[in-house]
Structures are given as structure tokens and as C-alpha cells.
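Here is a friendly tour of the fold for anyone who likes to see the numbers behind the picture. Keep the viewer open and follow along.

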Amino acid sequence: MTEWRECKLKELADFNPDSLTAKSKLQFINYLDTGNITKGKIDKIQYFNLLTDKVPSRAKRIVKKNDIIYSAVRPNQEHYGIIKNPVENMVVSTGFVVLRAKEDKCYSDFLYYFLTLPENTEYLSNVAEDSTTAYPSITPDIIMDMDISLPPLPEQIAIAEVLSSLDDKIDLLTKQNKTLEDLAQAYFRKWFIEDASDKWEEIPLGQLFVISSGKGLKKEKFTEHGQYRVLGANGEIGKTNEYLFNERLIYTGRVGTLGNVFIVDREPVWLSDNTLVFRNIKYFFFVYFSLKWANLADYNVGSTQPLIRQSDIKEIRVFMPDKERLDSFENLANSIFAKINSNQKQIQLLQKLRDT
């Protein structure tokens with residue numbers, strides 16, 4: 001190995017280099033908020049006409065190709081990414097710290113992989129939890145002062161290219177899983193919505209499962225190298241060495257984020273107290289897609305924050321077809337999700353390899 005040197009991130013990147021001002025003379029912007037990117041995946045960009053629209057006050061940070069963005073609020077939620085294909089006039093929230101690598105010293109992809117290592121995410125999350133602000137947060141200075149072992153630039157590029165190839169494989173398998181689930185959902189829609197019969201019995205969905213809440217996990221129980229995943233309303237939120245469930249189940253958000261529906265397939269996990277857990281399910285995939293079809297976010301009854309009640313979910317009405325049709329769908333969905341589970345195991349192995 002060639003000689004590596006120790007340095008601070010502030011030596012390798014400019015922080016928050018460009019801001020939107022009256023002198024920018026832009027007629028429109030494409031705006032990315034902190035909640036609309038997770039682990040590099042963007043789900044929404046908002047268009048604003050600067051002459052006619054009410055623009056969010058936080059829409060200030062101009063980004064360019066290869067800029068790294070990292071949410072300063074709740075780092076454990078992993079709202080970060082590297083801008084590879086910026087849309088025209090792309091602006092991000094001031095809730096992000098923007099890093100622009102100094103090209104003569106640092107390769108942006110190498111810096112991105114370093115910054116998003118699980119141990120660095122955990123470090124920034126711990127700093128945020130100790131902050132005195134209203135929400136757990138960090139300042140740009142915290143990132144700027146981080147230490148990094150830096151190889152020469154050619155070696156940085158070689159390392160980043162290997163990691164990027166692993167990410168490409170992960171992305172391909174993730175897209176394949178989405179296609180497979182979309183296929184199963186299309187069968188559900190065809191068999192149980194479009195071809196529904198008025199002879200089918202209408203029942204409350206709660207007849208087909210037992211529902212309960214997850215349980216809060218104390219902060220000291222979270223550990224970077226824990227054996228089991230801790231799951232919240234948006235998916236994984238950490239690791240622990242204890243688990244609550246080890247069975248096939250469905251869960252969704254109870255408070256905060258509503259509408260996401262997930263499957264856990266006989267994996268020991270801890271489900272947080274902001275989730276609702278469906279167990280002892282009769283016709284597992286029929287229930288799963290019925291919950292997704294119901295759009296659970298519409299059942300929000302919260303005032304200060306989104307909230308959904310167990311009783312409301314149990315009273316969702318569904319039409320029950322004959323047993324033969326249900327059994328056929330369960331068999332079909334089982335075969336599709338067996339492939340999804342196989343892909344997911346490959347994804348987890350590739351992620352572990354990449355992080356190692």
C-alpha cells in the first residue's frame with residue numbers, strides 16, 4: 001500500500017460553497033428537501049418559479065455535479081447523497097451540509113464513501129443526540145473537523161470504483177425486487193379489485209390478524225455491531241443484540257411516518273414503539289396488499305403529529321373471495337417473494353462487503 005496521510009475533512013472540501021441570492025438571477029429552481037433523499041436515493045424534487053411561487057425559506061444551497069449533501073438533522077436517518085446527475089438549477093435545503101471536494105486533493109466518491117461509513121454515521125448521530133438544539137443535529141464544523149486517512153488520489157479513485165461497482169449490483173437487485181413486488185401487486189389488483197364479485201362477503205380486515213404495537217428500545221441498547229435490526233416506521237433505524245419477534249409478520253408506522261407497509265420474514269428483529277405489528281395472519285399476502293391498497297396514511301387522526309389507531313385499521317373493509325382464489329394468490333405471491341428474499345440476502349452480503 002502506498003503512503004496514506006492523516007488530515008481533516010476541512011482540508012479536502014469546501015463547505016456550503018454556493019448560495020441562492022438575489023444576484024443569482026435564476027427564474028426557477030429544482031428543490032430537494034432533507035426528507036426526500038435517503039442513502040443516495042431521491043424520491044422527490046420540487047419545481048419552483050421564483051417569480052410566482054412561494055419558495056421555502058430553506059431553499060438556499062446551490063449544488064453541482066459530485067457535490068455531497070448530508071442532512072445536519074438526525075444523522076441516523078441517513079438523509080444523504082452524492083449529486084451525480086443534477087437537474088437544472090438544483091438547490092437543496094439549508095438543512096444539508098454541502099461538501100465540494102477539492103479535486104486536486106480528494107476524489108468526491110472516496111470522500112462520500114468515507115462520510116457514509118456506518119461508524120461515521122453513528123459518530124455523527126451521537127454528537128447530534130448530545131446537542132442542545134430542539135432536534136438532534138450537527139453543525140458543519142463537526143464534519144469539517146473529522147479525521148480521515150487519505151491515500152494518494154489514484155488510489156482513492158481505484159478504491160471508489162470498486163465500491164461503486166458493488167453499489168451498482170446492489171441497485172440492480174433493489175430495482176429487480178421492486179419490479180417483482182409490482183408484479184405481485186398487479187395480480188392482487190386484477191384478482192381482488194378489478195374482478196371482484198358482488199357475491200363476495202364484506203368483512204373487517206381485523207378478522208385476519210392480531211395487531212399490537214412495537215416497543216421502545218433504550219438508547220444504550222443500540223450498538224453498531226448488533227446482531228439484529230431495529231425497525232421503525234421508515235425501515236431500519238439501528239442495530240441491537242436483543243430482539244422482540246422472530247416470525248413472519250407485517251408492520252407499518254403507528255406515529256410519525258404513516259403509510260409504509262413492510263414484511264419481516266422469520267428474521268429476529270426489534271420493532272420500535274412507533275410501529276404497529278400484524279401477526280398470526282390468515283392469508284398473509286392478501287392482508288399485506290390490502291393494507292397497501294388501503295393507503296393507511298389516510299387514516300391519520302393525529303393533531304400534533306401523524307397518528308393511526310389499531311381500531312381504525314381493524315375496521316378497514318375488504319371483500320373476501322373464495323378459498324381457491326385466495327390459495328392460488330398466496331402460492332403465486334410466495335414464489336415471487338421467495339425470489340425477493342433471495343435478492344435481499346445478496347444485497348445484505350454486498351452491503352456488508354462494501355462497508356468492510
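## Sheets, helices and cores

Four strands make up an open sheet, written as 4 strands in the order S14-S20-S17-S18, with antiparallel pairing. Strands here are DSSP runs of E with at least two residues, helices are runs of H or I with at least four residues, and both are numbered from the N terminus. Two strands pair if DSSP finds at least two bridges between them. At the edges stand strand S14 (210–213) and strand S18 (261–265), each with a single partner strand, so one side of each is left without a neighbour in the sheet. From one strand to the next, the twist averages 25 degrees. Angles run from 0 to 180 degrees between N-to-C directions, and axes are lines fitted to C-alpha atoms, for helices over the stretch in contact.

A word on the model: it is predicted, local features need pLDDT of at least 70, side-chain atom pairs count only at pLDDT 80 or more, and totals for chains, interfaces and linings use all residues. Residues are numbered from 1 along each chain as its sequence is written, and side-chain values use heavy atoms, with hydrogens and water left out.

Within this sheet, S14 and S20 run antiparallel and are joined by 4 bridges. Ser212 has Val277 in S20 as its bridge partner.

A further open sheet of 4 strands has the order S2-S11-S8-S9, again with antiparallel pairing. Its edge strands are strand S2 (13–15) and strand S9 (80–82), each of which pairs on one side only. Here the twist averages 20 degrees from one strand to the next. Strand S8 (residues 68–71) is joined to strand S11 (residues 96–101) by 4 bridges, and the two run antiparallel. S2 and S11 also pair in the antiparallel sense, over 3 bridges.

Some facing residues are worth selecting in the viewer:

| Residue | Opposite or bridge partner in S11 |
|---|---|
| Ile69 | Val98 |
| Phe15 | Leu99 |
| Tyr70 | Val97 |

How many residues of S11 are buried? The count is 6 of the 6, so S11 is largely enclosed by the rest of the structure. Buried means under 20% relative accessible area, exposed means over 50%, and partly exposed lies in between (1.4 Å probe, protein chains only). In a regular strand the side chains alternate between the two faces of the sheet. In S11, Phe96, Val98 and Arg100 point one way, while Val97, Leu99 and Ala101 point the other way.

Ile82 lies in strand S9. At 17% relative accessibility, Ile82 counts as buried. Leaving aside neighbours within four places in sequence, Ile82 is in contact (heavy atoms within 4.5 Å) with Asn66, Asp67, Ile68, Ser108, Asp109 and Tyr112. From Ile82 to Lys41 the separation is 41 residues in sequence and 9.5 Å in space, C-alpha to C-alpha.

Ser108, Asp109 and Tyr112 are among the buried residues of H1, a helix that is mostly covered, with 8 of its 8 residues buried. The axes of helix H1 (residues 108–115) and helix H4 (residues 153–194) come within 8 Å and cross at roughly 65 degrees. Asp109, Phe110 and Tyr113 of H1 make the contact with Gln156, Ile159, Ala160, Leu163, Ser164 and Asp167 of H4. These contact residues divide into 5 nonpolar, 2 polar and 2 charged. Ala, Val, Leu, Ile, Met, Phe, Trp, Tyr, Cys and Pro count as nonpolar, Asp, Glu, Lys and Arg as charged, and the others, Gly among them, as polar.

Elsewhere in H4 lies Asn177. At 8% relative accessibility, Asn177 counts as buried. Not counting residues up to four places away in sequence, Asn177 touches Lys339, Ile340, Asn343, Gln344 and Ile347.

Which members of the largest nonpolar core touch the most others? Of its 37 residues, they are Ile250, Phe286, Leu291 and Ile313. Such a core is a set of buried Ala, Val, Leu, Ile, Met, Phe, Trp, Tyr and Cys residues joined through side-chain atoms within 4.5 Å. H4, strand S20 (275–279), helix H5 (284–294), strand S21 (317–320) and helix H7 (323–355) each supply at least two residues of this core. H5 gives the largest share, 8 residues. Apart from this core lies another, of 27 residues, among them Tyr70, Cys106, Phe114 and Leu150.
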